[in-house]
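Got the structure open? Here's a quick tour to read alongside it.

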Amino acid sequence: MLKAHRQTGGGVCGGTEWKPTLAISCLLLILICVCILHSFVIFHLELVRLPSPGSINGTGQGSPRVVLNRGPILYALREEQGSHKGLDFKGEVTEPVRLVEARGRAINVAGEERTASGSINGKGHGSPGGPILYREEQWRHKGLDFKGEVRGPVLMAEASGPSLDKPPVNVTEEERIRWFRDNFRRFKVLRSDSLSARFPAKTKAFFQGCKRRFFMTWISRAGAFGPRELASVESVFRWHPDACLLVISRTLDSVEGSQIFRPFADRGFRVMAAAPDLGFLFKGTPAEAWLRSVAEGATDPGEIPFPQNLSNILRLAALYKYGGIYIDSDVILLRRFARLRNAIGAQNTDPETGAWNRLNNAVLVFDKRHPLVFKFIQEFALTFNGNKWGHNGPYLVTRVVSRIAKQSNDFEFVVMPPLAFYPVDWTRIHRFFKRPSDSAGVKWRGAKLSQLENETFAIHLWNKQSREFPVEDGSIIHHIFNKSCIICHHKHFPS
């Protein structure tokens, strides 16, 4: 008969003998190893502690379940950590995404933006071999499922909260008002902070000694300020080299914005971006009560992206406070505005009577505290409607001037004919981007260029309709760009 022999080998936790004391020892050893590993990981993560909670791999506050309503989605990895596999967050990103590079520590750039190609799911330049990128214009992206290996610097992608550009759709008016009210303080462009608090002092210093003040507004991301917008800036200084151009913009009041405008500053031109202090700009005007009403939920912000309407009121407030010339960022100047004062342009006229029937607010020239500008602000506050395109912009100035024209012109202003600022309607702008295809087209181009040179101060490019049109060599727009540029790098021009 064979006898069973007790095996005693195999180490502390090995072998066939299983006593309670050994089991407890094994468990303690495992716990100690886990604690040591956990402490090591926490130590490294502490070195790159992020300025706000949440992570892109689905752990932490704000992700994935409450990412749409709570903190930003964040992910950062120290360069020294080498690699990381499985960015497997399966949530849904619905808000603008900002890019921040983590090199040894998380870099908080306080709202500054980076522009780069590529995406966090491994598509595009920069991934997986280089930095992981997520483009801000990808407003909605499901399944951040990059499974490759990350080498080198890793970018922290921050979903910056609810977006003014994307108000909720298919909701009731009450739900939309509540959404806006609850998130009002999270919208950076509406926020009062250390950046916007510098606006009064910055603008005062900037305007010292200015011969002519120009204004633009820019509420989109900094990286979207592209070729058309740069061409507009160039045209300002081509015809007004002694002017000051203030771009009212939070996103461009940044390192990236400074880089965008550096070619102009290096040539001695005065251009500056400043994050607006809405309380300062609106103070003493009806816009002050309007903003408070929207913030408190007493006014419906509307379905139209709020930045469009904010731009409408910002231009009016800036002109009323400072006086000068406002132009949209898709307006190209064709001559000096030296003789223009207190002017607004007609977009259309009646073909039979020649009388104007619609004005536009893409170009405004007014003195400081002009009463007509105050009337515009008053109309904006009293009749605001965020659900009708143009109601708070072109149609607003048309309504106000129509009423005043029926009474008197004590306000001392002039309505310029369409040729002054809007020589081509948005329905025909495509013709200006094409080169002539025959002798008749060449003749038409010559006549049109002559008319523009003699009668037009600026041309509105209607970017919403024309942004995707290529600028063909020999076209009217090609001629205008070349005549109005000062840097004249072809990379600045759409092509």
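What follows is a short walk through disulfides, one helix, the nonpolar cores, the salt bridges and one buried asparagine.

This is a predicted model, in which local features need pLDDT of at least 70 and side-chain atom pairs count only at pLDDT 80 or more, while totals for chains, interfaces and linings use all residues. Residues are numbered from 1 along each chain as its sequence is written, and side-chain values use heavy atoms, with hydrogens and water left out.

**Disulfides**

- A disulfide is a covalent bond between the sulfur atoms of two cysteines.
- Taking a disulfide as a pair of cysteine sulfur atoms within 2.5 Å, the count comes to two.
- One of them joins Cys 210 to Cys 244, with 1.6 Å from S to S. Cys 210 sits in the loop between helix H4 (199-206) and strand E5 (212-217), and Cys 244 is in strand E6 (residues 243-248), so this pair links distant parts of the chain, 34 residues apart. Helices (H or I, at least four residues) and strands (E, at least two) are DSSP runs, numbered from the N terminus.
- The torsion about the S-S bond of Cys 210 and Cys 244 is about -95°, so that disulfide is left-handed.
- Both ends of this link are tucked away: Cys 210 is buried at 18% relative accessibility, and Cys 244 is buried at 0%. Buried means under 20% relative accessible area, exposed means over 50%, and partly exposed is in between (1.4 Å probe, protein chains only).
- The other disulfide pairs Cys 485 with Cys 488, sulfur atoms 1.8 Å apart. With 95° about the S-S bond, this link is right-handed.
- Cys 485 is buried at 7%, whereas Cys 488 is partly exposed at 30%.

**Helix H10**

- Helix H10 (residues 371-383) has 13 residues, which should span 18 Å at 1.5 Å a residue, and its end C-alpha atoms are indeed 18 Å apart. The expected span is 1.5 Å times one less than the number of residues.
- Which residues of H10 are buried? They are Leu 372, Val 373, Phe 376, Ile 377, Glu 379 and Phe 380.
- Those buried residues cover an arc of only 160° around the axis, which puts them on the same side of H10. The arc is that of the directions from the helix axis to the C-beta atoms.
- They pack against helix H8 (286-295), helix H9 (306-322), strand E10 (343-349), strand E11 (356-366) and helix H11 (394-407). Contact here means heavy atoms within 4.5 Å.

**Nonpolar cores**

- The largest nonpolar core has 54 residues, and Phe 261, Phe 337 and Phe 421 have the most contacts inside it. Such a core is a set of buried Ala, Val, Leu, Ile, Met, Phe, Trp, Tyr and Cys residues joined through side-chain atoms within 4.5 Å.
- Helix H5 (residues 227-239) gives the most to this core, with six residues.
- Leaving aside neighbours within four places in sequence, Phe 261 is in contact with Phe 225, Val 233, Val 247, Leu 252, Val 271 and Ala 273.
- Another core, of 52 residues, lies apart from the largest one, and its members include Leu 190, Ala 274, Ala 346 and Leu 396.

**Salt bridges**

- The whole structure holds 11 salt bridges, each being a side-chain nitrogen of Lys or Arg within 4 Å of a carboxyl oxygen of Asp or Glu.
- Glu 303 and Arg 176 meet in one of these, at 3.8 Å from N to O. Glu 303 lies in the loop between H8 and H9 and Arg 176 in helix H2 (residues 173-183), so the pair ties together parts that are 127 residues apart in sequence.
- Arg 176 is buried at 4%, and a network of salt bridges links Arg 176, Asp 300 and Glu 303.
- Asp 253 and Lys 202 form another, at 3.1 Å from N to O. Asp 253 is buried at 14%, while Lys 202 is partly exposed at 23%.
- Glu 229 pairs with Arg 467, the closest N and O atoms being 2.9 Å apart. Glu 229 is in helix H5 and Arg 467 in the loop between helix H14 (463-466) and helix H15 (476-484), so parts 238 residues apart in sequence are tied together.
- Glu 229 is buried at 0%, but Arg 467 is partly exposed at 38%.

**Asn 309**

- Asn 309 lies in helix H9 and counts as buried at 4% relative accessibility.
- Not counting residues up to four places away in sequence, Asn 309 touches Ile 304, Phe 380, Phe 384, Gly 386 and Asn 392.
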